[in-house]
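User: Please take a close look at one part of this model and explain how its charged side chains, its burial and its surroundings fit together. I would like one connected account, with the cut-offs behind each term.

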Amino acid sequence: PWLLNKSHIQKLTKGSNNWSLSEVVHAIVLLVHFHCLCSFVCGCGVREELDHTPTSERTQEYASQQDTGEPEAGVGVDTLMQRMKTLSEQTEEFSAEERAKRFERVERQSVELGTSAGLRVRPSIEHFVEDPNFMYEDFARRGEDSPIPTFRVQDYSWDDQGYSLVNRLYNDVGNLLDDKFKTAYNLTYYTMGDRRDVDTSRFRRAIWNYIQCMFGIRHDDYDYGEVNQLLERSLKSFIKSTCCFPERITRADYDRVLREFKHSEKVHVNIMVLEARMQAELLYALRAVMRHMT
């Protein structure tokens with residue numbers, strides 16, 4: 001989505017068969033729902049038939065763990081709760097430069113997860129695909145500076161710009177989207193596995209911001225060091241696969257992460273993947289629409 005710019009909007013809104021801006025925004029909303037619902041459905045592990053496909057067609061990191069039968073030892077709920085408590089008690093303030101470095105560190109680490117090397121379209125669906133070599137590419141490139149600048153939420157955010165633009169061009173849909181984002185972000189039963197009365201806000205925020213970090217979106221007021229403390233490598237790998245390669249997720253992948261969590265809590269993680277990814281895609285698209293209008 002970071003490749004979208006105002007020239008794409010101009011091509012759609014000019015010419016003999018041009019679209020109105022309202023129609024463009026309507027199409028954008030439909031597209032992001034299709035993309036992100038794929039992440040949610042596949043991330044919940046409902047495509048068990050993939051467990052019987054060749055490992056070369058699945059995310060390599062998960063395939064290697066499954067083949068050896070030695071999945072990564074996960075961080076337990078008690079350890080996670082202790083880390084959240086420690087973070088809540090910290091009073092140290094970091095400079096803007098240090099926050100930027102921590103964001104870049106998490107961004108670079110995400111590149112190492114879920115490589116697409118050696119993966120191909122399955123023969124059964126290959127004839128439906130126009131370009132079988134087209135696939136997801138990371139925002140950050142291994143060992144390279146990204147040619148696309150980081151998207152800073154402080155410069156263009158859903159709350160301050162995106163929400164009002166959608167409502168202006170697609171009546172009341174901004175309200176519906178906003179309700180979805182807030183519900184997914186704030187939803188909690190104050191439980192974590194079998195533990196009750198748990199404040200899960202730091203864990204939820206780490207997941208949400210990590211997802212948007214993979215899409216090159218940075219929240220300046222967030223300490224991305226918390227991501228590495230609260231999200232274990234296997235969970236980050238699962239989140240990236242669900243966001244970027246949902247068609248390769250299996251039930252075994254779903255079962256492998258967050259082992260001490262209830263199914264409802266794991267599904268909530270997938271709902272956050274859906275909504276955080278949707279908001280990220282909308283931010284890029286709506287910024288392009290706004291630049292076209294100005």
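The part in question is helix 12 (residues 251-256), with what follows it in the chain and some comparisons from elsewhere.

Analyst: This is a predicted model, in which local features need pLDDT of at least 70 and side-chain atom pairs count only at pLDDT 80 or more, while totals for chains, interfaces and linings use all residues. Residues are numbered from 1 along each chain as its sequence is written, and side-chain values use heavy atoms, with hydrogens and water left out.

To set the scene, the chain has 13 helices and four strands, where helices (H or I, at least four residues) and strands (E, at least two) are DSSP runs numbered from the N terminus. Of its 294 residues, 48% are buried; buried means under 20% relative accessible area, exposed means over 50%, and partly exposed lies in between, with a 1.4 Å probe and protein chains only.

Helix 12 carries two salt bridges, a term that stands for a side-chain nitrogen of Lys or Arg within 4 Å of a carboxyl oxygen of Asp or Glu. In one, the side chains of Arg251 and Asp255 come to 3.0 Å, N to O, and these residues are four apart in sequence, about one turn of the helix. In the other, Asp253 and Arg256 likewise meet at 3.0 Å, N to O, and here the spacing is three residues, again about one turn. Side chains of opposite charge can pair when their charged atoms come close.

The two pairs can then be read by burial. Arg251 counts as partly exposed because its relative accessibility is 28%, and Asp255 is partly exposed too, with a relative accessible area of 34%. Asp253, by contrast, counts as buried because its relative accessibility is 2%, and its partner Arg256 is also buried, at 9%.

Just beyond the helix, Leu258 lies in the loop between helix 12 and helix 13. Leu258 has a positive phi of about 50° although it is not a glycine. Most residues other than glycine have a negative phi. Leu258 also counts as buried, because its relative accessibility is 8%. Tyr190 is another non-glycine residue with a positive phi, of about 55°, and its place is the loop between helix 8 (173-186) and strand 2 (191-192); unlike Leu258, Tyr190 counts as partly exposed, because its relative accessibility is 48%.

Leu258 leads on to the largest cavity, whose lining consists of Phe238, Tyr254, Val257, Leu258, Lys266, Val269 and Asn270. A cavity here is a set of points, on a 1 Å grid over the protein atoms alone, where a 1.4 Å probe fits but cannot get out, and its lining residues have an atom within 4 Å of a point. Grid points are joined across faces, edges and corners, and a volume is the space filled by probe spheres set on the points. On that basis there is one cavity of 30 Å³ or more, and the largest has a volume of about 40 Å³. Helix 13 supplies the largest share of this lining, three residues.

Helix 13 spans residues 263-293 and includes Arg277, which is buried because its relative accessible area is 10%. Not counting residues up to four places away in sequence, Arg277 touches His35, Cys36, Ser39, Ile211, Phe215, Cys243 and Met272, contact meaning heavy atoms within 4.5 Å. In the chain as a whole, 77% of the contacts between residues at least 6 apart in sequence join residues at least 24 apart. One pair that is distant in sequence is Lys6 and Met293, which are 287 residues apart yet 8.7 Å apart in space, C-alpha to C-alpha. Lys6, in helix 1 (residues 6-13), is in contact with Ala288, Arg291 and His292, leaving aside its neighbours within four places in sequence.

For comparison with the salt bridges of helix 12, the count comes to 16. One of them joins Asp220 to Arg218, with the closest N and O atoms 3.2 Å apart. Asp220 counts as buried because its relative accessibility is 15%, and Arg218 counts as buried at 12%. Both belong to a network of salt bridges that also links Arg152 and Asp155.

Key:
1 Å grid on protein atoms, 1.4 Å probe; cavity = no way out; pocket = protein on both sides within 12 Å on 5 of 7 lines; lining within 4 Å.
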